[in-house]
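Welcome! Below are three short exercises, each with a worked solution. Please have a look at the structure before you start.

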Amino acid sequence: MTPTNARRGAFVSFEGIDGSGKSTQARRLAETLRAAGRDVVLTREPGGSPGAEEIRRLVLEGDPDRWSAETEILLFTAARRDHMERTILPALAAGQVVICDRFADSTRMYQGLSRGDLRGLVDQLHDLMVGREPDLTVLIDMDPETGLTRALSRQGREERFETFGADLQRQMRQGFLDLAAAAPDRVRVIDGARPVEDVTRDVQDLVTTFLAGR
Ligand code: ADP
Ligand code: TYD
């Protein structure tokens, strides 16, 4: 029998286009759950383990044509595999809540849509090498123009995917909404085009209700 004080781990991801507010909401959720006494691992992709952070630099910095589309999928999947092995699975086994800023749905959208239709390849590699979805995915939905303005206002070197432009961002927004429609139990949509406090309240209601039901 499970001891009454043992807590079941939970894997929650945040998804959405660049600048939609994922990092802000993931951080706020981690603070709230910690204040409520949960052990929380706040992590991100690409990255989240020492090896995957090294791969992050390879995929996010440098020339946009640095990698072929297929090599890029391999690199994101390799980073994810390492992140699962070293960070996510051990935390879940210890009963912690893992909050991950982006996960495989980002690869389905970015690598699956941006350089031709490679969605099938992304899914195949995921099934082969990762094979697990989050228990809950919070999709922060918003119009790409606002997201892009917000994202570009942050200065940085990690810009390989932020120069995509509004058309592709629009396709990805719709792609994320399609994922939510296809997996409504896992992927829940929250309107991100509102003041940060309003978005936070909805995210926290959603996740605390979800955790209470497990
Ligand atoms: P993402 O991780 O999705 O790219 P961030 O959380 O980094 O998004 O937010 C992008 C920028 O927009 C940041 O400067 C952040 O402070 C700001 N921001 C986040 N949420 C909101 C909001 N609801 N309204 C206005 N600005 C926001
Ligand atoms: P992130 O740091 O979350 O950027 P942002 O805060 O702007 O949303 O992710 C960096 C970039 O990596 C982002 O442009 C999306 C891209 N990305 C992929 O292309 N594929 C992936 O599988 C992941 C996880 C991210």
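A polar contact here is a pair of N or O atoms within 3.5 Å. Keep in mind that this model is predicted.

**Exercise 1.** Find out which residues come nearest to ligand 1 and which polar contacts its nitrogen atoms make.

*Solution.* Start with the surroundings: 14 residues lie around ligand 1, and G19, K22, S23, T24 and R194 come nearest. Next, look at the side chain of R150, where an N or O atom is 3.1 Å from a nitrogen atom of ligand 1. This distance is within 3.5 Å, so the pair counts as a polar contact. Then turn to the backbone: an N or O atom of R194 lies 2.8 Å from a nitrogen atom of ligand 1, and a polar backbone atom of V196 is 3.4 Å from a nitrogen atom of this ligand.

**Exercise 2.** List side chains that place a polar atom by an oxygen atom of ligand 2.

*Solution.* Ligand 2 is surrounded by 16 residues, with R56, R102, T107, Q111 and R154 the closest. Now check the distances to an oxygen atom of the ligand:
- K22: 3.0 Å from a polar side-chain atom.
- R56: 2.9 Å from a side-chain N or O atom.
- R80: 3.3 Å from a side-chain N or O atom.

**Exercise 3.** Describe how helices α4 and α5 are arranged.

*Solution.* First, locate α4 at residues 104-113 and α5 at residues 119-129; their axes come within 8 Å and cross at roughly 150°. Therefore α4 is roughly antiparallel to α5. The crossing is right-handed. Finally, sort the contact by class: 3 nonpolar, 4 polar and 3 charged residues.

Notes: Residues are numbered from 1 along each chain as its sequence is written. Chains are lettered from A and ligands numbered from 1 in the order in which they are written. This is a predicted model: local features need pLDDT of at least 70, side-chain atom pairs count only at pLDDT 80 or more; totals for chains, interfaces and linings use all residues. Side-chain values use heavy atoms; hydrogens and water are left out. Axes are lines fitted to C-alpha atoms, for helices over the stretch in contact, and angles run from 0 to 180 degrees between N-to-C directions. Helices (H or I, at least four residues) and strands (E, at least two) are DSSP runs, numbered from the N terminus. Angles under 35 degrees count as roughly parallel, over 145 as roughly antiparallel, 65 to 115 as roughly perpendicular and the rest as oblique. A crossing is left-handed if the near helix is turned anticlockwise from the far one by less than a right angle, and right-handed if clockwise. Ala, Val, Leu, Ile, Met, Phe, Trp, Tyr, Cys and Pro count as nonpolar, Asp, Glu, Lys and Arg as charged, and the others, Gly among them, as polar. A residue is near a molecule or strand if one of its heavy atoms lies within 4 Å of it. A polar contact is a pair of N or O atoms within 3.5 Å; within protein, one must be able to donate a hydrogen and the other to accept it, and residues adjacent in sequence count only if both atoms are side-chain atoms.
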